[in-house]
Amino acid sequence: MRLNTSALMFEYQSLNDTQSQFMMDLAVFLLVRGDYAWLGYNWNGCHDDWVYMDWNEMLDKDYGKPLGPYSEISTGVFERKWSKATIKMDCNQYKPTITFQ
């Protein structure tokens, strides 16, 4: 399996529970990112409405360095170990888990 080496872009989706959606977005980002990454925040200017989302404290956390690529640890459940955290995404239930060491 190769890590993604091209640019990825996807839209932050606002649901009724924005923290849950943010955690899914963050977990997927941390699972697939390469050696270098840029996580944009609060894109405005391409539409008439200016929307300001609150800063999320999870963006300030130190996850360390990736220890390798992600792996599928069971059907539909992906995991990637970092030096300071383990990231899991259960795509069967759309449930992210970020565990700090």
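## Exercises on a four-stranded sheet

In this predicted model, β3 and β4 form a hairpin with four residues between them, and Tyr 94 in that turn has a positive phi of about 50°.

**Exercise 1.** Work out the strand order of the open sheet and how its strands pair.

*Solution.* Start with the hairpins. Besides the one above, β2 and β3 make a hairpin with three residues between them. Next, count bridges: β2 (residues 77-81) and β3 (residues 85-90) pair antiparallel over five bridges, while β3 and β4 do so over six. Put together, the four strands run in the order β1-β2-β3-β4, with antiparallel pairing. That leaves β1 (71-74) and β4 (95-100) as the edge strands, each paired on one side only. From one strand to the next, the twist averages 25°.

**Exercise 2.** Trace which residues face each other across β3.

*Solution.* Take Lys 88 to begin with: Glu 79 stands opposite it, and in β4 its bridge partner is Thr 97. Then move along to Met 89 in β3, which stands opposite Phe 78.

**Exercise 3.** Decide whether β3 is enclosed or not, using burial.

*Solution.* Buried means under 20% relative accessible area. Five of the six residues of β3 pass, so the strand is largely enclosed by the rest of the structure.

**Exercise 4.** Classify the ring pair of Tyr 70 and Phe 78, then the exposure of Tyr 70.

*Solution.* The ring centres are 5.7 Å apart with 75° between the planes. Planes over 60 degrees apart count as edge-to-face, so that's our label. As for exposure, Tyr 70 has 24% relative accessibility, so it counts as partly exposed.

Key. Residues numbered from 1 in each chain as written. Predicted model: local features only at pLDDT ≥ 70, side-chain atom pairs only at ≥ 80, totals over all residues. Heavy atoms only, no water. Pairing = 2+ DSSP bridges. Helix = DSSP H or I, 4+ residues; strand = E, 2+ residues; numbered from the N terminus. Axes fitted to C-alpha atoms, helices over the stretch in contact; angles between N-to-C directions. Phe/Tyr/Trp six-rings, centres within 6.5 Å; stacked < 30°, edge-to-face > 60°. Buried < 20%, exposed > 50% of the residue type's maximum accessible area, 1.4 Å probe, protein only.
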